[in-house]
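Trainee: Before I accept any label, I want to see the rule behind it. Can we look at the model together and test each term?

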Amino acid sequence: MRVLVTGGAGYVGSFTVRRLLAAGHEVVVVDNLSTGRREAVRGCPLRMADIRDPAGMGPVFEEFRPEAVIHFAALKSSEESLRDIGTYFGVNVTGTQNVLDLCARTGVERFVFSSSCAVYGTPQICPVDETAPVRPESPYGETKYLSERMIASYGQATGLRYANLRYFNAAGAADDASLGEYAGPAATQLLPVAVRATLGLAPALRIFGDDYPTPDGTALRDYIHVEDLAQAHVRVLEGLDTDERCGPVNLGRGQPVSVRELIDALRHVSEKDTTVTTAPRRPGDPGLSWADPDLALSRFGWRAERDLDHIVRTAWDWHTGTPASLE
Ligand SMILES: NC(=O)c1ccc[n+]([C@@H]2O[C@H](COP(=O)([O-])OP(=O)(O)OC[C@H]3O[C@@H](n4cnc5c(N)ncnc54)[C@H](O)[C@@H]3O)[C@@H](O)[C@H]2O)c1
């Protein structure tokens, strides 16, 4: 298939591109490199364009004539979205509509979207399945849900087959440390921040909230290895054969891991201690959030294969072998 990948120079996108190419698909990446890296795009063309600029993207669609689009390009911090709401709606919602318009105009048949567990807000019941109420608690989560609705609407109106993939927490790196996450000092993702503290690049790792109703008081999350996530995109893309398969799909391991468990796993892998301090809970941070991943298995035959140790080990190897990933 000819697959156009927006945001393919980013973390999840670059792993997915690699798997698409290995599966024999023809790929073009569109990215503005606002957070992505040129060097993460290997083996296919990178076209520089901003998804907010239809005139810049139009020629890429016209020339490449993609049969499918995987749409990663977005801004992804809940915290930052509170401070810069206009930019978040501009990139994540207007940008998505621009991409959908181009899909409709050029006859794209399949659309795979990077949504997020942020659409569930604080889940009432865990594990969360796709029928759970959707209640985003940040502008970021709202932009993802609005995009999902827009995609479903375009799907109905134009026949575009789509999957809204609700990722839980992507983490980890390639087994051979050839590709991974770039997470500078402003990053908020727990694992890179913990690695930074363990390496002494930050004074301490702050745990936000140790009074949640969980066994050790810290929040429970569902960490999924980025290679598993990438593989899910290929499966879903190839499996979007019928309209019945369209809709939201959770992508997680279905295994809750607390902040302290993650730090323990890092201690085990690194053989170093991480200095930890505790801070009050952050507004909008759910205490519990992990996926029921059964729909991804029954509909697309996908399930995550890599465990927590693998996630932490590959992240550690990547960040320690590639210091620029923390700059
Ligand atoms: N990483 C996670 O844990 C996670 C969890 C849930 C959802 N998601 C979603 O998955 C997607 C990918 O996340 P990621 O972790 O790879 O993030 P990332 O920041 O590494 O990748 C995003 C990519 O999009 C590009 N981009 C951003 N704005 C753009 C614009 N206006 N025009 C063109 N390109 C633009 C960036 O340069 C980057 O290459 C995002 O949509 C994010 O919201 C990620």
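Mentor: Start with contact, which means heavy atoms within 4.5 Å. By that rule E130 touches Y120, R166, P248, V249, N250, D292 and L295, leaving out residues up to four places away in sequence. This is a predicted model, where local features need pLDDT of at least 70, side-chain atom pairs count only at pLDDT 80 or more, and totals for chains, interfaces and linings use all residues. Residues are numbered from 1 along each chain as its sequence is written, and side-chain values use heavy atoms, without hydrogens and water.

Trainee: Where does E130 lie?

Mentor: In the loop between β5 (110-116) and α5 (139-158). Helices (H or I, at least four residues) and strands (E, at least two) are DSSP runs, numbered from the N terminus.

Trainee: Why does E130 have no salt bridge?

Mentor: A salt bridge needs a side-chain nitrogen of Lys or Arg within 4 Å of a carboxyl oxygen of Asp or Glu. The nearest side chain of opposite charge to E130 is R166, 6.7 Å away, so the criterion is not met. For charge, Lys and Arg count as positive and Asp and Glu as negative; His and the chain ends are not counted. E130 is also buried. Buried means under 20% relative accessible area, exposed over 50%, and partly exposed in between (1.4 Å probe, protein chains only).

Trainee: What polar atom lies 2.7 Å from the side chain of E130?

Mentor: The backbone nitrogen of N250. A polar contact is a pair of N or O atoms within 3.5 Å; within protein, one must be able to donate a hydrogen and the other to accept it, and residues adjacent in sequence count only if both atoms are side-chain atoms. At 2.7 Å, the pair is within that limit.

Trainee: What makes R2 and E67 a salt bridge?

Mentor: Their side chains meet at 3.6 Å, N to O, which is within 4 Å. R2 lies in strand β1 (residues 2-6) and E67 in the loop between α2 (54-64) and β4 (68-71), so the pair ties together parts 65 residues apart in sequence.

Trainee: Are R2 and E67 buried or exposed?

Mentor: Neither label fits: R2 has a relative accessible area of 30%, so R2 is partly exposed. E67, at 26%, is partly exposed.

Trainee: How do you know that R18 and E227 form a salt bridge?

Mentor: Their N to O distance is 3.9 Å, again within 4 Å. The pair links distant parts of the chain: R18 in helix α1 and E227 in helix α7 (residues 226-239), 209 residues apart.

Trainee: Why is E227 called buried?

Mentor: Its relative accessibility is 10%, so E227 falls under the 20% limit. R18, at 32%, is partly exposed.

Trainee: What about D285 and R282?

Mentor: Their closest N and O atoms are 3.0 Å apart, a salt bridge. Salt bridges that share partners join R18, R19 and E227 into one network. The whole structure has 16 salt bridges.

Trainee: Which residues come nearest to the ligand?

Mentor: D31, T35, F72, K76 and Y140, out of 28 around the ligand. Near means a heavy atom within 4 Å.

Trainee: Which atom of K76 lies 2.6 Å from a ligand oxygen?

Mentor: An N or O atom in the K76 side chain. That distance is within the polar-contact limit.
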